[in-house]
Amino acid sequence: MERIKIAYAIDKETGQPVHISKADKSKKYLCIECKEELRPAQGKERAHHFKHKKNSQCNTSPETELHKLAKIIIEQNNEILLYEKVKFNYNKCDIEKQIRDIRPDVIIENNEGEKWIIEICVTHAIDEEKKKKIQEMQLNCIEIALDKDLYGKALNVIKNEVLQNPNNRTKIYPEDSPFPHNVEFNTKTGFNHKEKKSLFNFKTKYIICTLAAIGIGFFLHDLFVRKQWRKKWKKNFKKRYIK
Ligand SMILES: [Zn+2]
């Protein structure tokens, strides 16, 4: 069986993924899957690819490579399109970090502690059990489906699919709009919806303001009426008792 050609490797120096077309023989490259050293094979006869050393046991596949590459791309960036016109900026990224009994592909988090799970699907979609668990825990999650045709494509093409293309995303949780941007994550209790809290705050503020307005109204009314009443009373008093 012919060894599967590898299109991407990690530049040992920079940690960046490099496409074979940009590989430089003087540099050192590592396999995305096994982290062993790879060498660029850029001969004239066969399509260019990265090669493991002869005795390597690595059995990486194009699917594995694309899957891992997508995770690396998310890890090395700080902005991703979640849904159409909805971008999410993050400054923390965990790859395959356990949450209870699931291990999401990627968890990204912003300054405010809002988290999103990104599941990458190359050959098969997120399994139903995992999906159900994510929904039960109310973990914000989208799935990005990457087409097999992407294998071996240029880095900017794959980057665009991973970070920007609104059409390859599926909402796992929440499944429906409105898009809850204001959710808080807790690894023990799942996501807490700030929306409810803020709605409560809004209600409270509304009630307080209304009561304050009514109070001020009464006060002014009272002040005005009393002033008039006092004037009248003074007049009558003078009429009756003085002179
Ligand atoms: Zn390998």
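Among contacts in the protein between residues at least 6 apart in sequence, what percentage join residues at least 24 apart? In this predicted model, the figure comes out at 51%. The protein has 243 residues, and 23% of them count as buried. As for secondary structure, there are four helices and 14 strands to keep track of.

A good place to start is the open sheet built from five strands, which line up in the order β2-β1-β3-β4-β5 with antiparallel pairing. The edges belong to β2 (17-19) and β5 (49-52); each has a single partner strand, so one side of each is left without a neighbour in the sheet.

Now for the pairing of β1, strand by strand. On one side, β1 (residues 8-11) runs antiparallel to β2, and three bridges join the two. Two of the residue pairs can be named here: Y8 has H19 as its bridge partner in β2, while A9 is matched with V18. β1 and β2 together make a hairpin, with five residues sitting between the strands. One residue in that turn, G15, has a positive phi of about 80°. β1 also pairs with β3 (residues 29-30), again in the antiparallel sense, this time over two bridges. There, D11 of β1 stands opposite Y29 in β3. As a bit of background for reading such pairs, side chains in a regular strand alternate between the two faces of the sheet.

Past the sheet's edge strand β5, the chain enters a loop that leads to α1, and S56 is found in this loop between β5 and α1. Is S56 buried, exposed or partly exposed? With 15 other C-beta atoms within 10 Å, S56 is partly exposed, because being buried would take 20 or more such atoms and being exposed 12 or fewer. S56 can also be placed relative to C34: the two are 22 residues apart along the chain, and their C-alpha atoms are separated by 9.4 Å.

Next comes helix α1 itself, covering residues 62-75. A quick geometry check works out nicely: at 1.5 Å a residue, the 14 residues of α1 should span 20 Å, and the end C-alpha atoms are 20 Å apart, which agrees. As for burial, the buried residues of α1 are E65, L66, K68, L69, A70, I73 and I74. That list includes E65 and K68 alongside L66 and L69.

Technical notes. Residues are numbered from 1 along each chain as its sequence is written. This is a predicted model: local features need pLDDT of at least 70, side-chain atom pairs count only at pLDDT 80 or more; totals for chains, interfaces and linings use all residues. Two strands pair if DSSP finds at least two bridges between them. The expected span of a helix is 1.5 Å times one less than its number of residues. Two residues are in contact if their C-beta atoms, placed from the backbone, lie within 7 Å.
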